[in-house]
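This report introduces a structure to a reader who has not met it before. Please keep the sequence and the three-dimensional view at hand while reading.

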Amino acid sequence: MRKYFIQTFGCQMNEHDSEIIAGMLEEKGMTRTDAAADAGVIIFNTCSVRENADKRFFGTLGQVKKKKKNEPGTIVCVCGCMMQQQHIIDTVKTKYPWVDIIFGTHNIHKLPELLTNVMNEKERQIDVWPEGGEIVEGLPSKRLFSCKALVNIMYGCNNFCTYCIVPYTRGRERSRKPENVLNEVKALVSDGVREVMLLGQNVNSYRGDEKTDFAELIYRLNEIEGLDRIRFMTSHPKDLSDRLIKAFADCGSLCRNIHLPVQSGSSRVLEMMNRKYNRDQYMELVDRIRETVPEITISSDIMVGFPGETEEDFLDTLDLIERVRYDSAFTFLYSPRKGTPAAEDPDQIPEEIKHDRFNRMVELINGISAEKNAAMEGRVEDVLVEGASKNSIDALAGRTDGFKLVNFRGDRSLIGQIVPVRITKGKTFSLEGELI
Ligand code: SAH
Ligand code: SF4
Ligand code: F3S
């Protein structure tokens, strides 16, 4: 039987789409391989959020040419956010003729049919839908981890931040029915899952039905017996509700951690980004969250070099970082995306200024992360053991309730369990600990 290889370039949502693709292929009797060289079916699930994601994909796709020449039976499929853009499809068609199947983010469920068509007719299949139709429920999924699962609660985005391609590649917001989410999570728990990560581009605008907003969904998930941890991402600061803040205090399973992307610390830049909050509103929100849940860990996405960003705007960002003191943050250089308003702005920031700001920002963030992690030394944390550590063969890796990565010695039989670990060392990006 054929083996498949799948490479994912994007975010958790992309990762989860890959899990579903893997699930569908396994239902067809295929098995996974981690070596593209051994695979009969190769799938690239692409991301378009920044230019380097695009570049990495084209580089990787170029490497497949040789394999396709030596083994013409190999089937090459490309999907994901890049394929929702006509100019990318055109490039793939003309420059990478060895691609057999192109499909988009709205119709991953069509892959088995497209594969059958290629096998029977040997003709290239291109099937990309401009918008999402009805949400397709009940697709299989092959999870990356046995003890934790990604669960989509909504698709698409309506926010149109001026730098962002996602609303164009993922379409308008659509929420799943709460029953469908609850049933999926219950089934996952019966299958050994202890932690779910609820996914949406802005979970705060989830609307499952008239009664069920995002906070209500959390309260209902919190009732599920055997589900130890609930996480979510991402939550847009503009519409985070008071009831959600209250849920952190009320719901035992909701992890004390929030990813709250700020993007910039300058109200002027936030306005140009169409983020719909300003610096003071953001900081006030952080204060309110910390008042209710003092132990909460907070992370962010922050970018530098948005068109028109001045040194003063950038200093506002550094100042906000210092005031909020994030546990961690993903940092980005603004990357112009074709079709978005900011890409048309004549006031693009020169690369060297972007890089200089980026380095200064990363240094500040890393220093704060290291201090915060060092402050955890001596504490005992509940850690969900996710698997073997990447650092050493006899170490395990897991996450605290606050989403900090911990490496510690222990037996592999502990994988999937929640165990108490004393933190012995706090580093910039992770913690070391010992099992007690
Ligand atoms: N829906 C999520 C973000 C999804 S994209 C949210 O609103 O928080 C993840 C992150 O990529 C964004 O938060 C942003 O910081 C970054 N990003 C998006 N578009 C970008 C661009 N054109 N250039 C640089 N970074 C970008
Ligand atoms: Fe992009 Fe903004 Fe939507 Fe997030 S909220 S996906 S940054 S448009
Ligand atoms: Fe990338 Fe699409 Fe996610 S553009 S970040 S894979 S939604």
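The sections below describe the ligand surroundings, the sheets, a salt bridge and two points of backbone geometry. The structure is a predicted model.

**Ligand 1**

The shell around ligand 1 holds 15 residues, of which Y163, Q201, Q263, D301 and S335 come nearest. Three of the polar approaches to ligand 1 are set out in the table.

| Residue | Protein atom | Ligand 1 atom | Distance |
|---|---|---|---|
| Y163 | backbone N or O | nitrogen | 3.0 Å |
| Q263 | polar side-chain atom | oxygen | 2.6 Å |
| D301 | polar side-chain atom | oxygen | 2.6 Å |

On its own, ligand 1 has 540 Å² of accessible area, and the protein covers 90% of that area. Two elements each give two or more residues to the shell around ligand 1, namely strand 15 (297-304) and strand 16 (328-333). Sorted by class, this shell has seven nonpolar, four polar and four charged residues.

**Ligands 2 and 3**

Ligand 2 has around it the residues C157, N159, F160, C161, Y163, C164, V166, P167, Q201, H236 and R275. Seven of the residues in the shell of ligand 2 are nonpolar, three are polar and one is charged. Ligand 3 is surrounded by G10, C11, N14, C47, S48, V49, C81, R170 and Q201. The shell of ligand 3 divides into four nonpolar residues, four polar residues and one charged residue. Q201 is thus found among the residues nearest to ligand 1, in the shell of ligand 2 and in that of ligand 3. Y163 is listed for ligand 1 and also for ligand 2.

**Two sheets**

Strands of a sheet pair through backbone hydrogen bonds, either parallel or antiparallel. Strands 15 and 16, which were met at ligand 1, belong to an open sheet of three strands in the order 14-15-16, with parallel pairing. Strand 14 (257-259) and strand 16 are the edge strands, each pairing on one side only. From one strand to the next, the twist averages 10°. Strand 15 is joined to strand 16 by six bridges; I302 has T331 in strand 16 as its bridge partner.

Another sheet consists of five strands that close into a barrel in the order 17-18-19-21-20, and its pairing is mixed. Neighbouring strands in this barrel are turned by 50° against each other on average, direction ignored. Strand 17 (residues 380-388) and strand 20 (residues 418-426) run antiparallel and are joined by five bridges. One such pairing involves D382, whose bridge partner in strand 20 is P420.

**A salt bridge**

Side chains of opposite charge can pair when their charged atoms come close. The whole structure contains 38 salt bridges. One of them is formed by K68 and D100, with the closest N and O atoms 2.6 Å apart. This pair links distant parts of the chain, 32 residues apart: K68 lies in helix 2 (residues 51-70), while D100 lies in the loop between helix 3 (86-95) and strand 5 (101-103).

**Backbone geometry**

Most residues other than glycine have a negative phi, and most peptide bonds are trans. Where does the backbone depart from the trans form, with a cis peptide bond? The bond from M233 to T234 is cis, with omega near 5°. T234 is in the loop between strand 13 (229-233) and helix 8 (242-250).

F160 has a positive phi, near 45°, although this residue is not glycine. F160 sits in the loop between strand 8 (154-155) and helix 5 (166-170), and F160 is also one of the residues around ligand 2.

Notes. Residues are numbered from 1 along each chain as its sequence is written. Chains are lettered from A and ligands numbered from 1 in the order in which they are written. This is a predicted model: local features need pLDDT of at least 70, side-chain atom pairs count only at pLDDT 80 or more; totals for chains, interfaces and linings use all residues. Side-chain values use heavy atoms; hydrogens and water are left out. A residue is near a molecule or strand if one of its heavy atoms lies within 4 Å of it. A polar contact is a pair of N or O atoms within 3.5 Å; within protein, one must be able to donate a hydrogen and the other to accept it, and residues adjacent in sequence count only if both atoms are side-chain atoms. Accessible areas come from the Shrake-Rupley method with a 1.4 Å probe; for residues, only the protein chains shown count as cover. Helices (H or I, at least four residues) and strands (E, at least two) are DSSP runs, numbered from the N terminus. Ala, Val, Leu, Ile, Met, Phe, Trp, Tyr, Cys and Pro count as nonpolar, Asp, Glu, Lys and Arg as charged, and the others, Gly among them, as polar. Two strands pair if DSSP finds at least two bridges between them. Axes are lines fitted to C-alpha atoms, for helices over the stretch in contact, and angles run from 0 to 180 degrees between N-to-C directions. A salt bridge is a side-chain nitrogen of Lys or Arg within 4 Å of a carboxyl oxygen of Asp or Glu.
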